[in-house]
Amino acid sequence: MGTITYCSMFLYTSGGDVEAAFAIKSLIEVNKIKVTIYCSRVESAGTIILSAAKKKISFKYTFFMFHNTRLENDTKEERKKYKVKMDKLDKMCQELYQKIKFTDQHQYFGPYQLLELGYIDEVI
């Protein structure tokens, strides 16, 4: 049995916990294995995971959704309570999504739009 140097993953997600997504991203990035992610639905926190891949391949009918970070119970009181943490997560996401301009609302993209922006590498 030899050393594993390459891994393919398939990503289909409606999102989830932003901190967990950054943890998964970190694990993929520090690993010496070249990871290719094939995606068929990538929303919210899933876009963070996708960003870690050495190669990002989308199926032609994939859609992607981006938005700013939010709390599960996103109220003014919750935002005030967790302001420092939310500001840090928002900054991390803004750095990650430099090529993609989006509003505070949910914003959807098709694969060819993200290919043109350089966020994914290939559409099949």
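In the predicted model, Phe63 has a relative accessibility of 36% and therefore counts as partly exposed. Phe63 forms a tilted aromatic pair with Tyr108, in which the ring centres are 6.1 Å apart and the planes meet at 50°. The angle falls between the limits of 30 and 60 degrees, so the pair is classed neither as stacked nor as edge-to-face. Phe63 belongs to the loop between β3 (55-58) and β4, whereas Tyr108 belongs to strand β5 (residues 107-109); the pair thus links parts of the chain that are distant, with the two positions 45 residues apart.

A second aromatic pair consists of Phe66 and Tyr119 and is edge-to-face, with 5.6 Å from centre to centre and 80° between the planes. Because Phe66 lies in strand β4 and Tyr119 in the loop between α5 (111-117) and β6 (122-123), this pair ties together parts that are 53 residues apart in sequence. Phe66 has a relative accessible area of 0% and is therefore buried. Tyr119 also counts as buried, at 7% relative accessibility. The count of aromatic pairs comes to 5. In addition, Phe10, Tyr38 and Phe59 form one aromatic cluster.

Phe66 and Tyr119 also appear among the residues with the most contacts inside the largest nonpolar core, together with Leu50, Phe64 and Leu114. This core has 27 residues. Helix α1, strand β2, helix α2, strand β4 (64-66) and helix α4 each supply at least two residues of the core. In soluble globular proteins, nonpolar side chains tend to be buried together. For Phe64, the contacts beyond its neighbours within four places in sequence include Cys39, Val42, Leu50, Ser58, Gln107 and Tyr108. Phe109, Gly110, Pro111, Leu114 and Ile120 are also in contact with Phe64.

Helix α1 comprises 13 residues (residues 18-30), which at 1.5 Å a residue should span 18 Å; the C-alpha atoms at its ends are 18 Å apart, so the expected span and the model agree. The buried residues of α1 are Val18, Ala21, Phe22, Lys25 and Ile28. Because these residues cover an arc of only 120° around the axis, they lie on the same side of α1. An α-helix has 3.6 residues a turn, so residues three or four places apart point the same way. The cover over the buried residues of α1 includes β1 (6-13), β2 (34-43), α2 (46-50) and α4 (83-96). On the face of α1 turned away from the buried side, Leu27 and Val30 are exposed. At the start of the helix, a side-chain oxygen of Asp17 comes to within 2.8 Å of the backbone nitrogen of Glu19.

Two serines in loops were also examined. Ser51 is located in the loop between α2 and β3, and its relative accessible area of 13% is under the 20% limit, so Ser51 is buried. Apart from residues up to four places away in sequence, Ser51 touches Lys25, Lys56, Leu96 and Tyr119. Of these, Lys25 is one of the buried residues of α1, and Tyr119 is the partner of Phe66 in the edge-to-face pair. Ser44 is located in the loop between β2 and α2 and, at 15% relative accessibility, counts as buried. Most residues other than glycine have a negative phi. Ser44, although not a glycine, has a positive phi of about 55°.

Methods:
Residues are numbered from 1 along each chain as its sequence is written. This is a predicted model: local features need pLDDT of at least 70, side-chain atom pairs count only at pLDDT 80 or more; totals for chains, interfaces and linings use all residues. Side-chain values use heavy atoms; hydrogens and water are left out. Helices (H or I, at least four residues) and strands (E, at least two) are DSSP runs, numbered from the N terminus. The expected span of a helix is 1.5 Å times one less than its number of residues. Buried means under 20% relative accessible area, exposed over 50%, partly exposed in between (1.4 Å probe, protein chains only). The arc is that of the directions from the helix axis to the C-beta atoms. Contact means heavy atoms within 4.5 Å. A polar contact is a pair of N or O atoms within 3.5 Å; within protein, one must be able to donate a hydrogen and the other to accept it, and residues adjacent in sequence count only if both atoms are side-chain atoms. A nonpolar core is a set of buried Ala, Val, Leu, Ile, Met, Phe, Trp, Tyr and Cys residues joined through side-chain atoms within 4.5 Å. Rings of Phe, Tyr and Trp (its six-membered ring) pair if their centres lie within 6.5 Å; planes under 30 degrees apart count as stacked, over 60 as edge-to-face and the rest as tilted.
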